[in-house]
Amino acid sequence: MPARMHNWLEIELKQIKEKGLYRELKTAESSPASSVVINGKEYLMAASNNYLGLAGDRRLIRAAIIAHEKFGIGSSGSRLTTGNTILHDQLEQRIASFKNKEAAMLFSSGYLANIGVISSLAGEEDCILSDELNHASIIDGCRLSKAKTIVYKHVDMEDLEKKLKEAQGYRYRFIVTDGVFSMDGNIAPLPDIVKLGKQYDAYVIVDDAHATGVLGENGRGTSEFLNVDVDVTIGTLSKAVGTEGGFVVGSQKLIDYLRNKARSFIFQTGMSPGIAAASKKAIDIIEEEPDRREHLHRLERKLREKLVNSGFYVLGEQTPIIPVIIGEADKAVQFAQKLLEAGIYAPAIRPPTVPEGMSRIRLTLMASHTEEEISYIHQSIERIGKELKMMKG
Ligand SMILES: *Cc1c(COP(=O)(O)O)cnc(C)c1O
């Protein structure tokens, strides 16, 4: 690389480090489970998106192996050219039936689903109303669409209504929101959003990345949990489903349209056949084993309650994402380091992912955790909080 470029990269990196915002990879040497091995040492995993513990499930692995034996490893082409197999078709049908929708379409990731769907539906003459805490892939989808994007205050329905009024001059209006907010662990007020959408003639798009498999009696997501219907639901297979890939569900017309429009679908190689087969198996398990979800929510309620009783500022509700607010970025890093020393893996989340002064330890729980592990996490956090003088006593 030319030294000329090195100079400014060096300066930028130094600034990032000085702010305590430098990011580095941690490398796991084990399969995804309640514990993880890093640098030869075992830690209790408290930060994974593997909510139902399916990412290492033998049944998924077996489904993938059988599929790979028959269909190979790579799909070798875009779905629209040579990369489509019966496994892809079956998975799309399975996702549609799971979500109680007419049709589904796969993407290679949730990120690609968001940018593809949003930029296909909204155009230059349209307006998107976007929650201020929406995921980065939604923000990027809005940018790609070239639509006017108006950000409304986080889950603030008064602000959304005010901005919907301002948006009446545009051709179409879209309200887009996370179903469960990934950094705050709270649930979007979908019944109110849907009502406003009807009142002000706006379509509702929900990104259910953290809710699929987790919320609702059958794990169908926020729509099931809150008993509402939305126009477009986007999701990922890379969290509770335990594999990888993204999807969109809705009417058959919507899917027909997106197949012809979404560039991140058209110009992307189809997902690996093994992933498709494993994902279908995972959705079967999500429906057939509600006890995983029940156990997860029992643990989540228990840990929230314990942390609040210990005096911590804990965000969110009724989801396995439990953000514990620490404050400044460097203190959160210190907290995470002490957790590591206690054998718990839960990294600090810092700006720009979250606002200044709101750095946090973002705990996430899994159905494979035990009550004892949850107690240990609570005790360790309480002890470290006292060491760092975060609470009285
Ligand atoms: C993780 C996530 C995505 C991206 O999904 P991938 O499959 O990892 O690309 C999109 N939206 C939200 C809200 C997420 O949390």
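Helices (H or I, at least four residues) and strands (E, at least two) are DSSP runs, numbered from the N terminus. The views below come from a predicted model, in which local features need pLDDT of at least 70 and side-chain atom pairs count only at pLDDT 80 or more, while totals for chains, interfaces and linings use all residues. Residues are numbered from 1 along each chain as its sequence is written, and side-chain values use heavy atoms, with hydrogens and water left out.

**View 1. Lys41 in strand β2 and its surroundings.**
Lys41 belongs to strand β2, which covers residues 41-45. With a relative accessible area of 39%, Lys41 is partly exposed, where buried means under 20% relative accessible area, exposed over 50%, and partly exposed in between, using a 1.4 Å probe and protein chains only. Apart from neighbours within four places in sequence, Lys41 is in contact (heavy atoms within 4.5 Å) with Val36 and Leu340. The C-alpha atoms of Lys41 and Glu217 are separated by 37 Å, and these residues are 176 apart along the chain.

**View 2. The hairpin of β1 and β2.**
Strands β1 and β2 pair in the antiparallel sense over 4 bridges; two strands count as paired if DSSP finds at least two bridges between them. Within this pairing, Val36 has Tyr43 of β2 as its bridge partner, and Val37 stands opposite Glu42 in the β2 strand. The side chains alternate along β1 (residues 35-38), with Val36 and Ile38 pointing to one face and buried, whereas Ser35 and Val37 point to the other and are not buried. There are 2 residues between the strands of the hairpin, and Asn39 takes a positive phi near 50°.

**View 3. The open sheet β1-β2-β11.**
Strands of a sheet pair through backbone hydrogen bonds, either parallel or antiparallel. This open sheet has 3 strands in the order β1-β2-β11, and its pairing is mixed. Because β1 and β11 (344-345) stand at the edges with a single partner strand each, one side of each is left without a neighbour in the sheet.

**View 4. Strand β6 between β4 and β7.**
Since 6 of the 6 residues of β6 are buried, the strand is largely enclosed by the rest of the structure. Its two faces are both covered, with Arg173, Ile175 and Thr177 buried on one side and Phe174, Val176 and Asp178 buried on the other. Strand β4 (residues 127-131) runs parallel to β6 and is joined to it by 4 bridges, with Ile128 standing opposite Phe174. Strand β7 also pairs with β6 in the parallel sense, over 6 bridges, and Val204 in β7 is the bridge partner of Ile175.

**View 5. Salt bridges between separate parts of the chain.**
A salt bridge is a side-chain nitrogen of Lys or Arg within 4 Å of a carboxyl oxygen of Asp or Glu, and a search of the whole structure finds 25 of them. One of these joins the side chains of Asp57 and Arg292 (3.6 Å, N to O). Asp57 lies in the loop between β2 and α2 (58-71) and Arg292 in helix α12 (residues 290-309), so the pair ties together parts that are 235 residues apart in sequence. Asp57 counts as buried, at 10% relative accessibility.
The side chains of Arg59 and Glu289 meet in another salt bridge (2.7 Å, N to O). This pair links distant parts of the chain, with Arg59 in helix α2 and Glu289 in the loop between α11 (273-288) and α12, 230 residues apart. Arg59 is partly exposed, with a relative accessible area of 27%.

**View 6. The salt bridge of Arg173 and Asp201.**
Here the side chains of Arg173 and Asp201 meet at 3.4 Å, N to O. Because Arg173 lies in strand β6 (residues 173-178) and Asp201 in the loop between α7 (190-199) and β7 (202-207), the pair ties together parts that are 28 residues apart in sequence. Arg173 is buried, at 4% relative accessibility.

**View 7. Thr233 in strand β8.**
Thr233 lies in strand β8, which covers residues 232-236, and is buried, with a relative accessible area of 5%. Leaving aside neighbours within four places in sequence, the residues in contact with Thr233 are Lys99, Val206, Asp208, Phe247, Val248 and Val249.
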